Amino acid sequence: MLPRFPTFLLLVLMAVPARAQRVPPPEPVLPIPTARQLEWQEGGLRMFVHFGVNTFTDREWGDGTESPDLFQPAAFNARQWARVARETGFSTIILTAKHHDGFALWDSRYTLHDVASSSWLQGRGDVVGALSEAVRAEGLSMGLYLSPWDQHEPSYGDEAGYNAFYVAQLRELLTQYGPLKEVWFDGAKGENAKDMNYHFDAFWATVRQLQPAAVMFSDAGPDVRWIGNERGHAGETNWSTFDRSKVSIGALGIEKYLNEGDENGPDWVGGECDVSIRRGWFYHPDQEPKSVAELMDIFYKSAGRNCVLLLNIPPNRDGLLDEKDVRRLQEFKAARDAVFATDLAAGATATASNVRGGDDAFAPAQLFDRSQETFWATDDAVREASVEIVLPGARTFNVIRLQEPIHLGQRIGAYRVEAEVGGRWTTLVEGTTIGYQKLDRIEATTSSRLRVTVLDARGCPLLAGFGLYLDTAQ
């Protein structure tokens, strides 16, 4: 005889809805970024700080013969650097702890060519230490640049001896100043440099051992690559996928490959756009900062092309970010805020030609929540699909934002955005890659309906973000 349940229990059981079976998200399309690479990509603007004896000699590249006593920043204040960085929208400061002249901005046990040999602060100064304290106080992160080319060090040219010296200095920086978010390796060296191989594999292994959360930058990564120029311009096509075996650090003739990446590359190595606010990298009294219009153009061509912008702000001879540069940074932030504070796509609704498994978790409504973790997705077999977006009313815009959820790989290789204008669909832009973020500048357009079509993808298309903005300065 079957057991009998009390009537009230049967009613309770009947009232519990059946749990719907969820459609799984798509598999990643390899390669995909590591956790540190994701954090780097999502971290926003980074500030470069070129500071050293060149600041006082009016040179870009010193030769290693400079007296440490030349370094005399009488009003040095790293807290001012960090405060300005935070207030103007930067998340990280990367300092040239040692440039090509070999002058170390910390008290190094392995050289006398450093701040401890200067009369500045009676030899007790430590620029690296002061900055590490300042960034923590302002809630920022820190990175360091240690030039492999050292024109002062006597062992340079002795491959075994010099590489041991370099790793010893690197260990000092990685162990004495708290957590780092980026370590910058520059392959530049002059024609007068002695012929010698740098042991980059040993350098990278040392960083991984001592600062595992830090990304490493060089032409070949391994985490972040140079974008191939110092103008701050990524390619219109810019894949984070890359083949590191095709690149050697400091090699010539690879600028286009660095600029555009490789759709079929087996490695994930995103691009970083380094550029200076002035003509030079170090402070020169006769140079002026770039205009706001120039900085905004750089922003669109770096952060708006699947890159991170690394903008150099050189401290002056007092050891402060110069008033002209600070004012320009404030104006640059105000210009960005004026464009991006108001998303004209807010409140929009959307329909799609295909939704993965018909599950609302992958519906195009996910385009508007500003999260990389939620996204519109299609079924696995789909490679071309479209989303139609209806705004709450007619809007005038000239900047379009698209984003992919890159934690699942970079997929899209061609897309088109259209708007309904005068009852007809009009193409606004046709592009190639999107990646973490693509910002397309177009002619000012007024419309209430738009359509985004993915024309080609390495896997089923995914889109995590869509936005519309009006840049009145264009």
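Helices and strands here are runs assigned by DSSP and numbered from the N terminus. With that in hand, Gln-122 can be placed in the loop between strand 2 and helix 5. Keep in mind as you read that this is a predicted model.

**Backbone features to look at**

Let's stay with that loop for a moment. Gln-122 has a positive phi of about 55° although it is not a glycine. Leu-121 is found in the loop between strand 2 (90–98) and helix 5 (127–137), and Leu-121, also not a glycine, has a positive phi of about 55°. Most residues other than glycine have a negative phi, and most peptide bonds are trans. As for surroundings, Gln-122 counts as exposed because its relative accessibility is 60%, and exposed means over 50%. Leu-121, at a relative accessible area of 44%, is partly exposed.

Two cis peptide bonds also deserve a visit, and the table gives their details.

| Cis peptide bond | Omega | Place of the proline |
|---|---|---|
| Leu-30 to Pro-31 | about 0° | Pro-31: loop between helix 1 (7–15) and helix 2 (35–42) |
| Gly-221 to Pro-222 | near 10° | Pro-222: loop between strand 5 (215–218) and strand 6 (224–226) |

**Inside the nonpolar cores**

In soluble globular proteins, nonpolar side chains tend to be buried together. In this model, the largest nonpolar core holds 74 residues, and those with the most contacts inside it are Phe-71, Trp-81, Ile-93, Leu-95, Val-128, Phe-185 and Leu-311. Helix 6 (residues 159–176) supplies the largest share of this core, with seven residues. A second, separate core has 28 residues, among them Leu-428, Val-429, Val-454 and Leu-468.

Val-128 is a good residue to click on. Setting aside residues up to four places away in sequence, Val-128 touches Leu-95, Ala-97, Leu-105, Trp-106, Met-142, Leu-144, Leu-173 and Tyr-177.

**A buried loop residue**

Is Phe-51 buried or exposed? Phe-51 counts as buried because its relative accessibility is 1%, and buried means under 20%. Phe-51 is found in the loop between strand 1 (45–49) and helix 3 (54–57).

Which residues does Phe-51 contact, leaving aside its neighbours within four places in sequence? Its partners include Phe-71, Trp-81 and Leu-95, three residues also named among those with the most contacts inside the largest core. Phe-51 is in contact with Pro-73, Phe-76, Thr-96, Leu-105, Val-127, Phe-282, Pro-315, Asn-316 and Gly-319 as well.

For a sense of span, Phe-51 and Ala-365 are 314 residues apart along the chain, and their C-alpha atoms are separated by 48 Å.

Note on methods
Residues numbered from 1 in each chain as written. Predicted model: local features only at pLDDT ≥ 70, side-chain atom pairs only at ≥ 80, totals over all residues. Heavy atoms only, no water. Helix = DSSP H or I, 4+ residues; strand = E, 2+ residues; numbered from the N terminus. Buried < 20%, exposed > 50% of the residue type's maximum accessible area, 1.4 Å probe, protein only. Core = buried A, V, L, I, M, F, W, Y, C linked by side-chain atoms within 4.5 Å. Contact = heavy atoms within 4.5 Å.
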